Amino acid sequence: MKFFIDTADVPTIRELAATGLVDGVTTNPSLVAKTGRKFIDVVAEICAVVKGPVSAEVAALDHETMLAEGRRLARIAPNVVVKVPLTPDGLKTCKALSVAGTAVNVTLCFSAAQAILAAKAGAAYVSPFVGRLDDVGSDGMQLIADICEIYDQYPDFATEVLVASVRHPIHVVQAAKLGADVATLPPAVLKQMFAHPLTDKGLAAFVADWKSTGQSILEG
Ligand code: E4P
């Protein structure tokens with residue numbers, strides 16, 4: 001399972017990339033707005049920090065402008081993945097960019113039917129939003145199960161399931177059990193995944209007991 005980081009904040013990406021656990025990055029217009037910085041500069045910096053796929057989203061709603069924006073974003077760096085919304089114009093753009101060799105992430109997926117369309121449009125990734133579905137009383141993880149089951153029936157579908165709108169480590173565990181290809185994690189969720197009170201308690205005891213031996217591994 002690949003881990004992408006769901007943020008446009010470069011210092012945070014740099015910090016988390018140093019763990020060696022980050023395979024890529026996803027951004028969206030809301031995350032870019034939070035940085036207060038120029039979008040193109042932010043994407044270029046992220047692409048220099050993380051060599052894996054970096055999703056950068058188009059802003060337009062019509063096919064022609066989306067295509068032009070997608071081509072512009074793809075020129076920033078070879079690891080840019082152009083993100084388009086799951087609309088008729090978005091999927092038309094997905095098809096055109098994919099045929100031309102640019103990887104596309106189809107975002108704002110909320111149904112299995114939409115995920116089938118994204119695969120047929122040649123998307124490299126489809127992003128079902130589990131947290132936002134949970135928020136409105138639907139079962140976000142059931143959507144991941146449905147998409148994985150459907151894609152498994154069609155080996156010619158090359159689209160990877162990228163679990164988005166992740167809210168907590170349980171989402172990540174559930175997505176992993178379903179065999180989802182990627183989870184994009186808010187930085188806080190990746191940090192939460194490290195944590196367990198028994199790890200802290202056990203480590204404190206080991207540190208105290210080791211100290212009582214008076215030994216040093218490096219000087220022994
Ligand atoms: C990533 O590609 C999505 O844009 C992101 O995961 C959405 O997360 P949110 O629902 O927490 O805004």
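A helix here is a DSSP run of H or I with at least four residues, and helices are numbered from the N terminus. The model described in this report is predicted.

**One residue in a helix**

Helix 5 covers residues 88-99, and Ala96 lies in this helix. Ala96 has a relative accessible area of 30%. Residues count as buried under 20% and as exposed over 50%, with partly exposed in between, so Ala96 is partly exposed. In sequence, Ala96 and Leu67 are 29 residues apart, while their C-alpha atoms are 7.8 Å apart in space.

**The ligand and its surroundings**

The ligand sits in the largest pocket. Around the ligand are Asp6, Thr26, Asn28, Lys83, Phe129, Arg132, Ala164, Ser165 and Arg167. By type, this shell divides into 4 charged, 3 polar and 2 nonpolar residues. Phe129 and Ala164 are among the residues of the shell, and both count as nonpolar. Asp6, Lys83, Arg132 and Arg167 also belong to the shell, and Asp, Lys and Arg count as charged.

The table lists side chains with a polar atom at a given distance from an oxygen atom of the ligand.

| Residue | Distance from side-chain polar atom to ligand oxygen |
|---|---|
| Asp6 | 2.6 Å |
| Lys83 | 2.6 Å |
| Arg167 | 3.2 Å |

On its own, the ligand has 340 Å² of accessible area, and the protein covers 85% of this area.

Definitions and conventions
Residues numbered from 1 in each chain as written. Predicted model: local features only at pLDDT ≥ 70, side-chain atom pairs only at ≥ 80, totals over all residues. Heavy atoms only, no water. Near = heavy atom within 4 Å. Polar contact = N/O pair within 3.5 Å; in protein donor to acceptor, adjacent residues only side chain to side chain. Areas by Shrake-Rupley, 256 points an atom, 1.4 Å probe, with all protein chains shown as cover. 1 Å grid on protein atoms, 1.4 Å probe; cavity = no way out; pocket = protein on both sides within 12 Å on 5 of 7 lines; lining within 4 Å. Sits in = over half its atoms within 2 Å of the grid points. Helix = DSSP H or I, 4+ residues; strand = E, 2+ residues; numbered from the N terminus. Buried < 20%, exposed > 50% of the residue type's maximum accessible area, 1.4 Å probe, protein only.
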